[in-house]
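Me: I have a structure open and would like to talk it through with you. Shall we take it piece by piece?

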Amino acid sequence: MDANNDGGEPPVLLLVGSSGGHLAQLLALRPWYEQWRRCWVTFDTPEAVSLLAGEDLVPAHHPTTRNVPNLLRNALLAWRVLRGRRVAAVVTTGAGVAVPFVVLARLRRIPTVYIEVYDRIDTPTLTARLCRPFLSAMLVQWDEQRRQYPEATVVGTLL
């Protein structure tokens, strides 16, 4: 199924993030996304599976840090997910799993939103630096983070 020829399927919000703190920050957005049909991309860890019980979950390949084979596997996964669903937007808090989803979504003209994690105040994350050229919107949780991202919108802390 092509994203532009959806066969009547309602659009889906694609929430992408590594498990642990990245996932916790996305889960904190529940009041905002609960009215949307959504699909999650994260690692197949017991914690993530438990937290996302009943949700549409696509397991990503990990580890992602300095792991080129898994980057390529996740790029193929991103291509399949973005091609197989009518994605309204990609929202992510990182980390490495986010890069192929953001890049490929942007190439398909799907809006991309990156939320910088709350614990990186003085320096940007590598994932944010890699995703930044492909973003529709950059959100930060602290005013101080705007030193690294002057174009960002401050949304306040999620946790």
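Reply: Happy to! This is a predicted model, and helix α5 is a good place to begin: the cover over its buried residues includes β1 (12-17), β2 (38-43), α4 (68-84), β4, β5 (112-115) and α6 (126-131).

Me: How many of the 10 residues of α5 are buried?
Reply: Helix α5 spans residues 98-107 and is mostly covered. The buried residues include Ala 98, Phe 101 and Ala 105. The count of buried residues in α5 is seven.

Me: Is Thr 92 buried or exposed?
Reply: Thr 92 sits in strand β4, residues 87-94. Beyond its neighbours within four places in sequence, Thr 92 touches several residues, among them Leu 26, Ala 98, Val 102 and Tyr 114. Because its relative accessible area is 1%, and the cut-off is under 20%, Thr 92 counts as buried.

Me: Which backbone oxygen does the side chain of Thr 92 reach?
Reply: Val 16 and Gly 17 are both among the contacts of Thr 92. At 2.6 Å, the side chain of Thr 92 reaches the backbone oxygen of Val 16.

Me: Which residues form a nonpolar patch with Trp 142 on the surface?
Reply: Trp 142 lies in the loop between β6 (137-140) and β7 (153-154). Trp 142 is partly exposed, with a relative accessible area of 31%. Together the patch has about 290 Å² of accessible area, and the partners of Trp 142 in it are Tyr 118 and Leu 159.

Me: Over which residues is the pLDDT below 50?
Reply: The mean pLDDT of the protein is 93, with 96% of its residues at 70 or more. The stretch with pLDDT below 50 is residues 1-5.

Key:
Residues are numbered from 1 along each chain as its sequence is written. This is a predicted model: local features need pLDDT of at least 70, side-chain atom pairs count only at pLDDT 80 or more; totals for chains, interfaces and linings use all residues. Side-chain values use heavy atoms; hydrogens and water are left out. Patches are made of residues with over 30% relative accessible area and no salt bridge: like charges are joined within 9 Å, nonpolar side chains (Val, Leu, Ile, Met, Phe, Trp, Tyr) within 5 Å. Accessible areas come from the Shrake-Rupley method with a 1.4 Å probe; for residues, only the protein chains shown count as cover. A salt bridge is a side-chain nitrogen of Lys or Arg within 4 Å of a carboxyl oxygen of Asp or Glu. Helices (H or I, at least four residues) and strands (E, at least two) are DSSP runs, numbered from the N terminus. Buried means under 20% relative accessible area, exposed over 50%, partly exposed in between (1.4 Å probe, protein chains only). A polar contact is a pair of N or O atoms within 3.5 Å; within protein, one must be able to donate a hydrogen and the other to accept it, and residues adjacent in sequence count only if both atoms are side-chain atoms. Contact means heavy atoms within 4.5 Å. pLDDT is the predictor's confidence in each residue, from 0 to 100.
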